[in-house]
Amino acid sequence: MKSKLTLIFLLFASISNAQQMEHYTQYQFNQFAFNPAVAGTKSCIDVRTGYRFQWAGIDGAPQTGFINAHAPLRFSKRNRNAFGPKHGIGGQIKRDVFGPFSNLKLHLAYALHLPIGRTWRLSFGTSIGFIHTGFKTADISVETGNDPAVANASQSFTVFPDGKVGMWINDKKMYFGVSIHNLFGNRIDEISPQARLQRHLYLTGGYKFSLEKKWSIIPSFFVMWTKATPIDFHLSALLDLENKVSFGIGLRRTDAITAQVRVKLFNWISLGYSFDFVISKLAGNMWYTHEITGGFNSCSNYGSSSTTDCPSFE
């Protein structure tokens, strides 16, 4: 029971002045979740979904589910020279639960894509939506019937606007992106006067190196920073065979060594699984993290490097 309360108060502290945003081991295949400028970078509708079980075995540990989709925005043939497939739109739904807290996030995104040179593309995007944050004291168990830490708490929720901005640049071999989340820095007085959503800065990038016999290797990085926390990063490397199957390993600074596998089915469906081996203090209790993802797009190049001329995702 004490360990459960400890987890809850640690989670509460993270809402008050630390990281509140979810992160994914398979970030390479879910770039739109972090950067609205990715919207419309494919030539068709692209759908991603997944579920993350963090620290499996701990009561109240974080769990995150998501689904997102984006597509190019095309206009009439008469205006195609002026606009063409240089705009993108998308939408995201995410829900995460950790201890007595829960968040439901809905966002709509728009991106503008500008060609620079023969192979490079520069994109800018923005996303607007809202966050529904809830707190349930019914999920808190205490050893005594009148714990002063929770006696005056009540079930509550709040809804507030949210915004993101991002920039993305890529060619056929390399990509780099930067984005900012929680633009408005909303306070959550219903939970605590000190509870505030921290602005998050994300940086991501990668490069594709071609190997023999149709294999390639794609090293990449993912960096997250907030004013209230140290820099967190995830370094990964994917070994890919013709966009049919890929294997990856990685290191997250704060707590885990990661492994992942992804396979392509029927040319338009992809399935992925990743496993985080915890190396932080939690490792003594053998708690692991699992992530399952799926993708769908109708313009997939099975046996080719990418549908976006970019090595960030198939």
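Which residue in β5 is the bridge partner of Ala111? In this predicted model, the partner is Gly125, and the pair offers a convenient way into the strands around it.

The chain contains 1 helix and 15 strands, and buried residues make up 49% of its 314 residues. When contacts with a separation of 6 or more are considered, 57% of them come from residues that stand 24 or more positions apart. The accessible surface amounts to about 15,100 Å², and carbon and sulfur atoms hold 64% of that area.

Ala111 and Gly125 belong to the pairing of β4 with strand β5, in which β4 and β5 (residues 120-135) run antiparallel and are joined by 16 bridges. The two strands form a hairpin with 3 residues between them, and within this hairpin Gly117 takes a positive phi near 80°. On the other side of the pairing scheme, β3 is joined to β4 (residues 101-116) by 12 bridges, again with the strands running antiparallel. Here Lys94 stands opposite Lys105 of β4, and the hairpin formed by β3 and β4 has 2 residues between its strands, with Gly99 in the turn adopting a positive phi of about 60°.

Within strand β3, which covers residues 87-98, one position to examine is Gln92. Gln92 has a relative accessible area of 4%, below the 20% limit, and is therefore buried. Its side chain reaches the backbone oxygen of Phe32 at a distance of 3.2 Å. Once neighbours within four places in sequence are set aside, the contacts of Gln92 include Phe32, Ala33, Ile67 and Asn68, and they also include Lys105, Leu106, His107 and Lys164. Lys105, named among these contacts, is also the residue of β4 that stands opposite Lys94.

Charged side chains form another layer of the description. Side chains of opposite charge can pair when their charged atoms come close. In this model the count comes to 8 salt bridges. One of them joins the side chains of Lys42 and Asp46, with an N to O distance of 3.1 Å. Lys42 counts as buried because its relative accessibility is 2%, and Asp46, also at 2%, counts as buried too.

A further salt bridge brings together the side chains of Asp276 and Arg52, at 3.1 Å from N to O. This pair links distant parts of the chain, since Asp276 lies in strand β14 (residues 269-278) and Arg52 in strand β1 (residues 46-56), with their positions 224 residues apart in sequence. Both Asp276 and Arg52 are buried. The side chains of Arg252 and Asp255 also meet in a salt bridge, with an N to O distance of 3.7 Å. Arg252 is buried, with a relative accessible area of 3%, and Asp255 is buried as well, with a value of 12%. These four residues do not stand as isolated pairs, for Arg52, Arg252, Asp255, Asp276 and Glu291 are linked in a network of salt bridges.

Aromatic rings provide a separate set of links, with a count of 13 aromatic pairs. In one of them, the rings of Tyr27 and Phe222 have centres 5.2 Å apart and planes at 35°, so the pair is tilted. Tyr27 lies in the loop between α1 (2-17) and β1, whereas Phe222 lies in strand β10 (residues 215-225), so the pair ties together parts that are 195 residues apart in sequence. Tyr27 is buried, at a relative accessible area of 0%, and Phe222 is buried at 6%.

The rings of Phe34 and Tyr202 likewise have centres 5.2 Å apart, and with their planes at 55° the pair is tilted. Phe34 is placed in the loop between α1 and β1 and Tyr202 in strand β8 (residues 200-207), so this pair ties together parts that are 168 residues apart in sequence. Phe34 counts as buried at 3% relative accessibility, and Tyr202 is buried with a relative accessible area of 2%. Both pairs belong to one aromatic cluster, which is formed by Tyr24, Tyr27, Phe34, Phe66, Tyr202 and Phe222.

A last position to inspect is Met174, which is found in strand β7 (residues 174-181). With a relative accessibility of 33%, Met174 counts as partly exposed. The C-alpha atom of Met174 is separated by 9.4 Å from that of Trp120, a residue 54 positions away along the chain.

Notes
Residues numbered from 1 in each chain as written. Predicted model: local features only at pLDDT ≥ 70, side-chain atom pairs only at ≥ 80, totals over all residues. Heavy atoms only, no water. Helix = DSSP H or I, 4+ residues; strand = E, 2+ residues; numbered from the N terminus. Buried < 20%, exposed > 50% of the residue type's maximum accessible area, 1.4 Å probe, protein only. Polar contact = N/O pair within 3.5 Å; in protein donor to acceptor, adjacent residues only side chain to side chain. Contact = heavy atoms within 4.5 Å. Areas by Shrake-Rupley, 256 points an atom, 1.4 Å probe, with all protein chains shown as cover. Pairing = 2+ DSSP bridges. Phe/Tyr/Trp six-rings, centres within 6.5 Å; stacked < 30°, edge-to-face > 60°.
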